[in-house]
Amino acid sequence: MSGFPFHVAGGSFGSAHSLLAEAMTPLAPPKAQVAVGSRRRKLWEISHKFHCPIVGVCFECDELRRLMHKVMHLPRDASDFMLHTTAVGACEERSRLAEILQKSLEKRYQLSIRQLAACKSAAELRRAWQAACRTKRDIPAVLWACWTHPCSNEQLEQEIYGDIHMIQHQLGAHERTEQQSLVNAQAKNAELQARLDAALADAEDLRQKRATQAQEAAQTIAQLRAELVAREAQASNLARASDTLREALPDLESRQKLTQRLANAEERARATRQENEELTRELTRLRDFAKYAEETIESLSRTDEDDLADLPGPQLSGKCVLCVGGRSGSVNSYREVVEQSGGHFLHHDGGLEESLHRIDGALAAADIVICQAGCISHNAYWRVKEQCKRTGKPCMFVKNSGLGSFGRAVNALGKGNSGDGTGQ
């Protein structure tokens, strides 16, 4: 922007020239650039073509607007380009805006200025600038410290000017790539969310079907039990009748008739016993079927819960999660849920086999406590509850020892919904 000809594209701001004149109002008579010596140069003493990258790289548009409001009146609809060109034009000579920008740059980059003050030659400055370009760190600070350094020369200034020009191009290309990556990530997230919703809907339908089947099986079992009780009562009545007949035989006049009646009664009792045995076998078969149905339903419920537990959860950020109680065969699964959420896992069986004295150390080391109340001793339950309440440590009590309930507790506590409550 050497020989800066200020203009606004399309003539959208008629007061642009007046703003520039206001910003460039000199506070002192113009002076020639300071010769190379021990004093660092001011913003208005640097070559004018370097003002554009300084203002563009070292100031955000909102910050620049705030600083310019201190010395001039800006239209409400002033564009970022107008702010930039006005500020660059004001830096050509010493003005109120130039002094404000100079003061802001000196205060912000004072650490880099002190570090580069140890450089005694342009070669040392060049190495410092090249190191900043390689690491992509503190480029604005090193840019300002180099261009205002007493040892900076025209060749180094031109090299820095070329480098910062290309860095701005590279940052623009990188930003476009990141924008495209963001668009792709959002589309992928929407797809995964749709798949998750579909999976949850399928799981809910399956649970409802299994619940209906379990209810029907329970009704069938209750009906068969009622029939069995009635048959057992009938058999008992027949047995008592048979005993009564046997006792009355000596007192009857016609023993033959009584014998026949007894034989008939025994035949009926035998038929009843056979029918009772068949019903008993049928009841045993139905009980086995009901047990198998219950095991199948429990297995399917665990599968559903495991599927839900595998869904993405919140990040625990390295927190230590203590599980008290739970199924011994599911401890490794509990550990996987916690570690997949970014946490560390501790376990105590709640006093079933391990000593209760170890639970105090585990509670002290944990950041979050999940207590499966149905699988621990009474003393362990109260010890966990009292110590968490005393220390203010997040704790959740869950009734179900399934992996799904544990996963939901981890998710709830990871999102900050911790407390002394009872899980589902």
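**Reading loops, helices and cores**

Modeller: Let us start with Lys-136, which is found in the loop between H7 and H8, and keep in mind throughout that the model is a predicted one.

Biologist: How should I read the backbone there, and what is the sign of phi at Lys-136?

Modeller: As a general idea, most residues other than glycine have a negative phi. Here, Lys-136 has a positive phi, near 55°, although this residue is not a glycine. Asp-138, which has its place in the loop between H7 and H8 as well, also shows a positive phi near 55° in a residue other than glycine. A glycine case can be found just after H11, where Gly-342 takes a positive phi of about 90°.

Biologist: Since you mention H11, which residues of this helix are buried?

Modeller: The general idea is that an α-helix has 3.6 residues a turn, so residues three or four places apart point the same way. In H11, which spans residues 331-340, the buried residues are Val-331, Tyr-334, Val-337 and Val-338. They lie on the same side of H11 because the arc they cover around the axis is only 120°. On the face turned away from that buried side, H11 carries the exposed residues Asn-332 and Gln-340.

Biologist: How many residues does the largest nonpolar core have, and which have the most contacts inside it?

Modeller: To read a core, one looks for buried nonpolar residues joined through their side chains. The largest one here has 44 residues, and Ile-54, Leu-64, Met-68, Leu-97, Leu-101, Trp-129 and Trp-144 are those with the most contacts inside it. Among the elements that give two or more residues to this core are helix H2 (51-58), helix H5 (96-108) and helix H9 (154-248), while H8 gives the most, with eight residues. There is also a second, separate core of 18 residues, and Val-337 is included in it together with Leu-316, Cys-323 and Val-398.

Biologist: Which residues does Trp-144 touch?

Modeller: If residues up to four places away in sequence are not counted, Trp-144 touches Arg-40, Leu-43, Ile-46, Ile-54, Gln-102, Leu-105, Glu-106, Tyr-109 and Ile-113.

Biologist: Is Thr-85 buried or exposed?

Modeller: The general idea is to compare the relative accessibility with a cut-off, and buried means under 20%. Thr-85, which lies in helix H4, counts as buried because its relative accessibility is 4%. A polar atom of the side chain of Thr-85 lies 3.1 Å from the backbone oxygen of Met-82.

Conventions: Residues numbered from 1 in each chain as written. Predicted model: local features only at pLDDT ≥ 70, side-chain atom pairs only at ≥ 80, totals over all residues. Heavy atoms only, no water. Buried < 20%, exposed > 50% of the residue type's maximum accessible area, 1.4 Å probe, protein only. Helix = DSSP H or I, 4+ residues; strand = E, 2+ residues; numbered from the N terminus. Arc of directions from axis to C-beta. Core = buried A, V, L, I, M, F, W, Y, C linked by side-chain atoms within 4.5 Å. Contact = heavy atoms within 4.5 Å. Polar contact = N/O pair within 3.5 Å; in protein donor to acceptor, adjacent residues only side chain to side chain.
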